[in-house]
Amino acid sequence: MGNKGLFLDRGIVTTIIILSVIPFLLQNSFHYEIAIMCMLNAVICIGLNMLVGYTGQISLGHGAFAGLGAYVAVILSTTYEFDPVLSILVACIVLALIAFIVSKPILKLEGHYLAMGTLAVGIIISIVLNNEDGFTGGPDGMGVSEFNILGYVFENDIQWYVLSAIFLVFSIWALQNVINSPFGRILRCIRDSETAAKAIGADVPYYKTYVFVISVVIATAAGSLYSYYTGFISPEESGFMRSIELVVMIVFGGLGRVYGAVFGAIIITALPQFLTFLHDYEHMVFGAIIIFVMIFMPKGIVSIFDVLKVSKDKK
Amino acid sequence: MSLLKIEGICKSFGGIKAVDDISFDVKEGTIHALIGPNGAGKTTLVNMISGIYSVDQGNIYFNDENISNVATHKLVEKHIMRTFQNLEICENMTVMENVLLGFNIEMNKSLLKSSFQFESILDDEEKFTHIALSHLKRVGLEDVAYTLCSELSYGILKKVEIVRALASNPRLLLLDEPVAGLNGTETAEIAEIIKEIASAGVTVLLIEHDMKMIMNISDMITVVNFGQKLAEGRPSQISSNPDVIKAYLGGGTLHA
Amino acid sequence: MVELLQYSFGGITVGFIYALVGLGFTVIYNSSKIINFSQGEFVMIGGMAAVFLSYAKFPFVLAFPLAVMLASLLGYMLFKLVSMSQNSSVTSLIILTLGYSIFVRGASQVGFDKQMHTLPAFISDTPISIFGATITPQAILVIVVSLCIVFALYYMFNKTKLGKAMLATADNKDAAKLVGISVKKILIMNFMISSAIAAIGGIVLTPITSTNYEIGVILGLKGFCAAIIGGIGNPFGAVFGGVLLGILESFVAGYLSSEYKDAVAFIVLLLILFFFPGGLFGAKKSSRV
């Protein structure tokens with residue numbers, strides 16, 4: 001947990017060190033792609049974890065929001081030649097609005113019904129993205145314009161790596177700050193007891209909506225960056241499997257833990273790459289790993305560190 | 001002066017009238033007890049006062065302001081706090097975090113400021129943590145301040161809930177069975193705490209079944225049965241009221 | 001009019017498959033409160049296994065039950081995995097069943113292959129004409145088989161001792177244990193029945209829509225929609241929901257836009273969740289504070 005008042009705590013410093021060292025281990029563009037994908041997925045997961053892990057609201061449709069957000073940004077800058085950063089900002093605003101409207105009826109649902117409701121919204125979005133090929137280029141996807149910040153063009157792996165790393169570190173730091181703040185406490189209170197939250201003066205629907213919108217905006221930003229990086233976008237990024245993948249990441253990593261989302265994202269993103277030698281057995285093994293972790297490490301991968309810490313404390 | 005006025009309130013669930021035309025006043029600075037057999041409608045009544053249930057008929061006035069059907073979280077701004085029969089504690093948070101939630105309305109909840117660790121947020125944390133610790137000391141819980149609530153006993157959590165409710169100096173405190181499930185020592189401790197609260201000027205509306213405690217600390221008692229008011233008066237009047245005795249000992253049900 | 005009839009036939013046929021999937025969900029949900037996201041995979045396994053057994057020169061009368069048994073076995077495996085899981089939160093179980101569905105799909109990819117496959121029609125290929133619209137014997141078979149399963153389940157739950165034991169378990173596990181019902185056995189049976197009926201549906205559907213390792217995903221989701229639309233926990237609701245969905249989908253595809261056919265199930269689901277939270281036939285919930 002972060003120390004109050006300190007700008008950089010152990011976790012953040014360790015993260016920065018690791019992120020600085022990794023580029024020396026990356027040998028080619030493909031490695032960079034995986035690393036960047038891991039980091040941007042981690043950012044999306046940090047946002048999603050805020051909603052699912054900390055506030056206790058399941059969303060099985062976040063892939064669709066991330067994809068839709070990315071499409072808005074990418075279409076603005078590619079088809080309409082907007083400035084890319086402006087495009088992302090506009091996309092964030094548009095998605096925030098959509099998320100706000102969707103959240104009003106959806107967040108009245110609970111448990112399985114909320115899961116199915118968000119799932120349904122996500123699938124509808126992805127079907128629309130698939131079908132409206134006039135805008136989106138349809139199932140084949142579309143090429144994406146270059147990305148620049150105030151004229152500085154991002155065109156090589158190192159630049160993207162640094163940008164993604166900064167985004168990730170900032171997200172981790174911000175989330176840690178929020179979790180220990182009054183706002184964060186209310187979220188966690190909602191997860192444990194909505195009645196208690198009401199009883200201490202929190203307008204529960206307001207906070208649920210707030211977190212939902214924030215998590216969608218974060219997903220939009222990170223999703224957009226990823227599309228700019230790869231230079232390509234397709235409706236598959238907004239599909240049901242993508243939404244499921246994101247939830248698997250945060251549960252696998254550890255719900256309601258800052259680094260849970262990060263580890264989960266990294267492992268689930270990178271793992272399939274290491275399993276390619278298994279060829280067609282890849283999915284079987286992947287499924288088996290998920291099952292194994294859910295049965296034997298229900299609190300997620302990050303709980304390994306808890307066990308290590310407990311045994312260290314005992315010594 | 002009557003801080004809380006209940007006038008002719010009614011509440012039905014389907015065909016069942018849980019609360020049937022109940023009226024009473026709670027004078028400021030007193031401990032007012034609400035007693036009656038199980039299912040008499042006490043919790044329903046408190047749920048209506050605290051905005052959890054809607055009021056079918058009648059009115060509730062707090063400080064001469066009509067608060068019928070005002071949402072729970074809005075009542076907190078008017079300094080009305082409550083505890084729950086079924087303990088609504090955040091188990092995955094520490095005692096300190098639960099108590100800090102009690103200060104919620106006074107704290108800065110800006111997402112932006114907390115993300116960037118603004119000075120004001122950090123100062124608030126420090127300030128309220130200090131106050132919380134002193135509250136916890138008064139009830140003897142300073143040692144478990146940083147323990148996760150899921151690891152603590154029921155009796156301790158009951159105290160935590162009361163501390164949380166008191167944190168931001170409420171004017172009216174609704175306690176729903178604060179000593180249910182506690183042993184004699186714990187009950188006496190809570191009784192002391194409630195007396196201290198009242199002497200500090202907080203008005204207390206208390207639902208309880210523990211007769212000894214009720215008779216000991218209450219200024220006024222309202223007895224309900226089958227959703228209706230049965231009797232009202234000082235402890236000495238109530239304990240000798242034949243209708244009350246009949247309801248509890250005659251054909252009615254009683255529990256420890 | 002003929003068009004309407006034609007779309008209806010198509011819709012009812014596939015609707016009954018959704019109904020079977022939804023029924024499977026309902027059976028498992030009723031007994032264990034688990035939402036089985038891998039339900040669709042049992043449909044896929046039924047069809048794929050039947051196809052490959054027939055390739056291996058098994059006569060159909062053997063291939064059919066063997067395929068169903070394989071699906072039941074997978075249902076049993078899922079039960080074992082779920083019962084091993086200590087953390088029974090909604091999210092964990094959802095992920096567990098999702099992981100299982102990925103695993104089963106992966107196994108199918110490897111054990112069978114990634115191609116589309118089909119079975120010959122069981123009776124004949126010749127479409128039958130009813131009031132000008134045509135329907136194939138296979139489609140009629142799908143409807144008949146599905147109805148048989150629905151009634152068989154109805155009979156079992158309401159008229160047999162075993163069925164009553166299942167209902168008791170679904171209502172209150174502890175009370176059921178107290179009267180001597182082996183809850184574990186009941187749960188195992190529920191999982192196996194649920195996967196079996198999905199598999200049967202998959203087999204009879206194969207001659208019409210063909211099958212491959214991925215069909216389970218969308219079928220599972222739509223079947224789930226059917227169950228919720230009808231009111232999760234209500235078997236007749238699931239059947240009604242499934243057929244209703246099939247017909248609506250067919251009408252939308254025929255009269256409006258075939259591209260948005262898949263969206264129908266989810267739009268209807270959302271409408272039901274918002275306006276009839278308990279489903280069309282479900283009970284209204286209320287909780288005590």
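## Two strands side by side

Strand 3 (residues 31–35) and strand 8 (residues 203–207) of chain B run parallel and are joined by 4 bridges. Strands here are DSSP runs of E with at least two residues, helices are runs of H or I with at least four, and both are numbered from the N terminus. Two strands pair if DSSP finds at least two bridges between them. One partnership shows the register: B:Leu34 has B:Ile207 of strand 8 of chain B as its bridge partner.

This is a predicted model, in which local features need pLDDT of at least 70 and side-chain atom pairs count only at pLDDT 80 or more, while totals for chains, interfaces and linings use all residues. Residues are numbered from 1 along each chain as its sequence is written, and chains are lettered from A and ligands numbered from 1 in the order in which they are written.

## The sheet of six strands

Strands 3 and 8 belong to an open sheet of 6 strands in chain B. The order is 6-7-8-3-9-10, with mixed pairing. Strand 6 (80–82) and strand 10 (228–233) of chain B are the edge strands, and each pairs on one side only. From one strand to the next, the twist averages 15°.

Helix 1 (residues 42–49) of chain B lies across strand 3, strand 6, strand 7 (172–176), strand 8 and strand 9 (220–225) of chain B. Helix 1 runs at about 150° to strand 7 of chain B. Such angles run from 0 to 180 degrees between N-to-C directions, with axes fitted to C-alpha atoms, for helices over the stretch in contact.

## The sheet of four strands

Chain B also has an open sheet of 4 strands, ordered 2-1-4-5, with antiparallel pairing. Strand 2 (16–27) and strand 5 (65–66) of chain B each have a single partner strand, so one side of each is left without a neighbour in the sheet.

Strand 1 (residues 2–13) and strand 2 of chain B pair in the antiparallel sense over 8 bridges. B:Ser2 has B:Lys27 of strand 2 as its bridge partner. Helix 1 of chain B packs on this sheet and touches strand 1, strand 2 and strand 4 (57–62) of chain B. The direction of helix 1 makes about 65° with that of strand 2 of chain B.

## Two packed helices

Two packed helices are described by the angle between their axes and the distance between the axes. Helix 3 (residues 95–102) and helix 6 (residues 154–166) of chain B pack at about 30°, with axes 6 Å apart. That makes the two helices of chain B roughly parallel (angles under 35 degrees count as such, over 145 as roughly antiparallel, 65 to 115 as roughly perpendicular and the rest as oblique).

Helix 3 of chain B gives B:Val95, B:Asn98, B:Val99, B:Leu101 and B:Gly102 to the contact, and helix 6 of chain B gives B:Val160, B:Val163, B:Arg164 and B:Ala165. Residues are in contact if their C-beta atoms, placed from the backbone, lie within 7 Å. These residues divide into 6 nonpolar, 2 polar and 1 charged. Ala, Val, Leu, Ile, Met, Phe, Trp, Tyr, Cys and Pro count as nonpolar, Asp, Glu, Lys and Arg as charged, and the others, Gly among them, as polar.

## Two domains in chain B

Chain B is divided into domain 1 (1–79 + 171–256) and domain 2 (87–168). The bounds come from an automatic or database domain assignment. The C-alpha centres of the two domains of chain B lie 27 Å apart.

In chain B, 10 residues of domain 1 are in contact with 9 residues of domain 2. On the domain 1 side, helix 2 (72–77) and helix 7 (184–199) of chain B each give two or more residues. Helix 7 of chain B gives the largest share, 4 residues.

How values were computed:
Contact = placed C-beta atoms within 7 Å.
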